[in-house]
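Q: Hey, could you walk me through a structure? I'm new to this, so plain words please.

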Number of protein chains: 2
Amino acid sequence: MSDASKFPYFSEENSVGAVNARIDQAKANPRLANVMEALTKHLHAFIKEVEPTHDEWMTGIKFLTDTGHMCTEWRQEFILLSDTLGVSSLVDTVNHRSGNGATEHTILGPFHVQNHPVRAHGDTICLDGKGEPLAVWGRVLSTDRTPIVGATIDVWQTNDDGFYDVQQKGVQPDMNMRGMFESGPDGRFWFRSVRPRFYPIPDDGPAGKLLGALGRHPNRAAHIHLIIEKPGFDKVITHIFEPNCPYLREDAVFGAKDSLIGDFRKSTDAARAQELGFQAAPFFWEVATDFVLAPGKS
Amino acid sequence: MSDASKFPYFSEENSVGAVNARIDQAKANPRLANVMEALTKHLHAFIKEVEPTHDEWMTGIKFLTDTGHMCTEWRQEFILLSDTLGVSSLVDTVNHRSGNGATEHTILGPFHVQNHPVRAHGDTICLDGKGEPLAVWGRVLSTDRTPIVGATIDVWQTNDDGFYDVQQKGVQPDMNMRGMFESGPDGRFWFRSVRPRFYPIPDDGPAGKLLGALGRHPNRAAHIHLIIEKPGFDKVITHIFEPNCPYLREDAVFGAKDSLIGDFRKSTDAARAQELGFQAAPFFWEVATDFVLAPGKS
C-alpha cells in the first residue's frame with residue numbers, strides 16, 4: 001500500500017510529499033522509487049521558483065514533444081539536449097571522479113561506431129587527404145607508471161570539413177578518420193591523422209533552436225576521441241583537445257578538461273617530415289600524450 | 001557576450017555556473033534565460049543527488065524519446081506525465097493562489113472541446129441514458145455574494161462507462177455529457193446528468209507504464225468539469241468531486257481539493273423524482289454548489 005492516505009489533498013506546500021506518497025514501496029523497484037522521489041522534489045522546486053504561466057508550461061510541453069518527434073534511428077535529440085545542458089558531462093563526471101591517477105574521462109558522444117578498422121603503428125586514419133598533417137604519439141601506462149602492452153586504442157574524429165563519416169555517407173570514404181590501434185611492448189603507439197577542428201553539433205532541431213534563443217553557439221572544441229581498454233584495467237573514454245581551438249573554453253557540450261588538452265607542436269622540419277611521411281605538406285603537427293589506466297574490472 | 005570566459009572548465013563543483021555562463025544575456029529573452037538558469041540548477045541538483053549510472057541515464061533518454069513518440073494529434077503523453085507527477089496541478093496552483101474568496105481552480109484536463117451545445121435549465125447532458133440520475137444545482141456569485149446574471153457554465157464529464165465522448169467516437173453520441181448553460185436573474189442554473197464515476201487516464205503509454213512500475217493506479221477521482229465565465233470577472237476552471245469515490249484522496253493527477261467536494265445527496269422521494277423527471281429510476285442524486293467569481297480581467 002502507498003502512504004497516500006496519510007496526506008491531505010495536494011497543495012503548494014505539500015506537493016512533493018503528496019506525489020511521492022503515492023509510490024507503493026512494496027511494489028516499486030527501490031532504485032526507481034528513489035530516483036522518482038528525487039525527480040519530483042527537484043522538478044517541483046523548479047516550478048515553484050519560476051512559477052510558469054499556463055502558456056509557458058504548454059511551451060515546455062510542446063518543446064519536449066518536438067524534441068521527441070525529432071528523434072529517429074539516426075538522430076537522438078534528447079541526448080543533444082542533455083549534452084548542451086551539461087547533464088551528459090555531469091553524469092560522466094559523477095561516474096568517473098578522478099583521484100586514482102588515471103586519465104580523466106569525458107563524454108562518448110553519438111558518433112562512435114563498432115568495429116573500427118585495425119591499423120598498424122604509423123598508419124593514417126585520414127582517407128580523404130584533407131587537413132593539416134598530424135602525428136599522434138601515445139603511451140599507455142598503469143597508475144604505477146609501468147607500460148601496458150597490448151591495450152587497444154579506439155580512435156575517431158571529424159574530417160577537416162567538420163563532419164564524421166557517418167554524417168556524410170557517400171561523401172566521405174567509409175571509416176574515414178577511424179582506427180583501432182594496439183600498444184606495443186613499451187606501451188607505445190602512434191598514428192597519422194590531421195589536426196582536429198571545431199564543428200557544430202546538429203543544430204537544426206529543438207535543442208539547437210534553444211541554444212540559438214539563448215545566444216549560445218553550437219560548436220564543439222576541436223578534439224580526437226579515444227577509448228583505451230586492456231583487460232584488468234578500468235576502460236578510459238577520453239579526448240585529446242587541440243589547445244589553439246577558439247572554442248576550447250566554450251565547448252558546447254562541456255566535455256573539455258584542463259588535463260585533456262594536448263601539447264600540439266607545429267613544425268617545418270623537413271627531415272622529420274620525411275621520417276613521418278609528411279614531406280608533401282608545408283608544415284605538420286605532432287602531439288604526444290600519456291594515457292594512464294587504473295587496475296580494475298574491465 | 002556570454003560570461004563563459006570567467007569560468008574554468010566544467011567540473012562537478014561548478015557545473016551549474018559553467019552551463020549558465022554560456023547564456024548571452026544581451027541576446028537571450030530575459031524570461032527564457034531565467035527559466036533555463038533555474039532548470040539547469042535544479043536538473044544538476046537532481047543528477048548530483050541520484051548519481052545515475054550511464055545505463056540509468058540512457059534509460060531516462062529512452063523514456064523521454066518513447067514519451068515523445070507516443071504524442072499525436074489525439075494523445076499528449078507529456079501532459080499525462082506532467083499530470084501524474086503533480087506538475088500540472090502545481091502550475092495551476094501557483095497561478096491561482098486562493099485568498100480572494102473565489103472558487104478554487106483545478107486542472108483543465110485534455111478532454112475539453114470547444115462549442116459545447118447550448119442547453120436550457122433542466123436539460124440533461126446525458127444522451128446515452130446510462131448511469132444513476134443526478135440533478136446539479138448551481139449559483140454563480142461575486143465575491144461580495146451578489147448573484148452574477150448571464151455567466152456561462154461550460155460542463156463536461158465521462159459517461160457511466162468512464163470515457164469521454166471524444167475517446168469513443170462512433171460509440172457514444174456526439175457531445176454526450178457536454179453542455180453550455182447560462183445563469184439566470186438570480187445567478188442560478190441547473191441541469192440533469194448522471195453521477196460521475198472514476199476512470200483511468202490513458203495508461204498504455206510510457207507515463208502509464210511508469211505509474212505501474214511505481215505501484216500507482218491510474219484512476220482519476222470521480223468529478224464533473226466546469227468552466228464559469230462572465231466578462232468583468234476572472235474565469236474559474238474547476239471540478240465538482242463526488243465524495244463517495246474510492247479514489248477521492250488518491251486522484252492520479254492531484255486535482256482533488258477539499259473545497260471542491262460536492263454535497264451529493266441520494267434520494268428515493270417519488271414526488272421530487274417526478275418533479276425532476278427521474279421517475280423511471282429507483283433512486284436519484286442531487287448536488288447543490290455555489291460558484292464564486294472574483295472581479296477581474298476576464
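A: Sure, here is a short tour of domains, strands, helices and the contact between chains.
A: This is a predicted model, where local features need pLDDT of at least 70, side-chain atom pairs count only at pLDDT 80 or more, and totals for chains, interfaces and linings use all residues. Residues are numbered from 1 along each chain as its sequence is written, and chains are lettered from A and ligands numbered from 1 in the order in which they are written.

Q: Okay, which domains is chain A divided into?
A: Chain A has domain 1 (1–51) and domain 2 (82–293), with bounds from an automatic or database domain assignment. Their C-alpha centres lie 43 Å apart.

Q: And what touches chain B? How many residues does chain A put into the contact?
A: Chain A gives 66 residues and chain B gives 67, where contact means C-beta atoms, placed from the backbone, within 7 Å. On the chain A side, the largest share, 17 residues, comes from α2(A). Helices like that one are DSSP runs (H or I, at least four residues), strands are too (E, at least two), and both are numbered from the N terminus.

Q: Switching to sheets: what order do the four strands in chain B take?
A: The order is β4-β1-β10-β9 in an open sheet with mixed pairing; two strands pair if DSSP finds at least two bridges between them.

Q: Which strands stand at the edges?
A: In chain B those are β4 (188–194) and β9 (265–267), and each has a single partner strand, so one side of each is left without a neighbour in the sheet.

Q: How do β1 and β10 of chain B pair?
A: Strand β1 (residues 133–142) and strand β10 (residues 284–293) of chain B run in the parallel sense over nine bridges. Within that pair, B:G138 stands opposite B:T289.

Q: Any helices packing in chain A? At what angle do α4 and α6 pack?
A: Helix α4 (residues 77–84) and helix α6 (residues 206–213) of chain A pack at about 30°, with axes 8 Å apart. Axes are lines fitted to C-alpha atoms over the stretch in contact, and angles run from 0 to 180 degrees between N-to-C directions. That makes α4(A) roughly parallel to α6(A) (angles under 35 degrees count as such).

Q: Last one: is B:Q25 buried or exposed?
A: B:Q25 counts as exposed because it has 12 C-beta neighbours inside 10 Å (exposed means 12 or fewer, buried 20 or more, partly exposed in between). B:Q25 sits in the loop between α1 (15–20) and α2 (30–50) of chain B.

Note on methods: Parallel < 35°, antiparallel > 145°, perpendicular 65-115°, else oblique. Contact = placed C-beta atoms within 7 Å.
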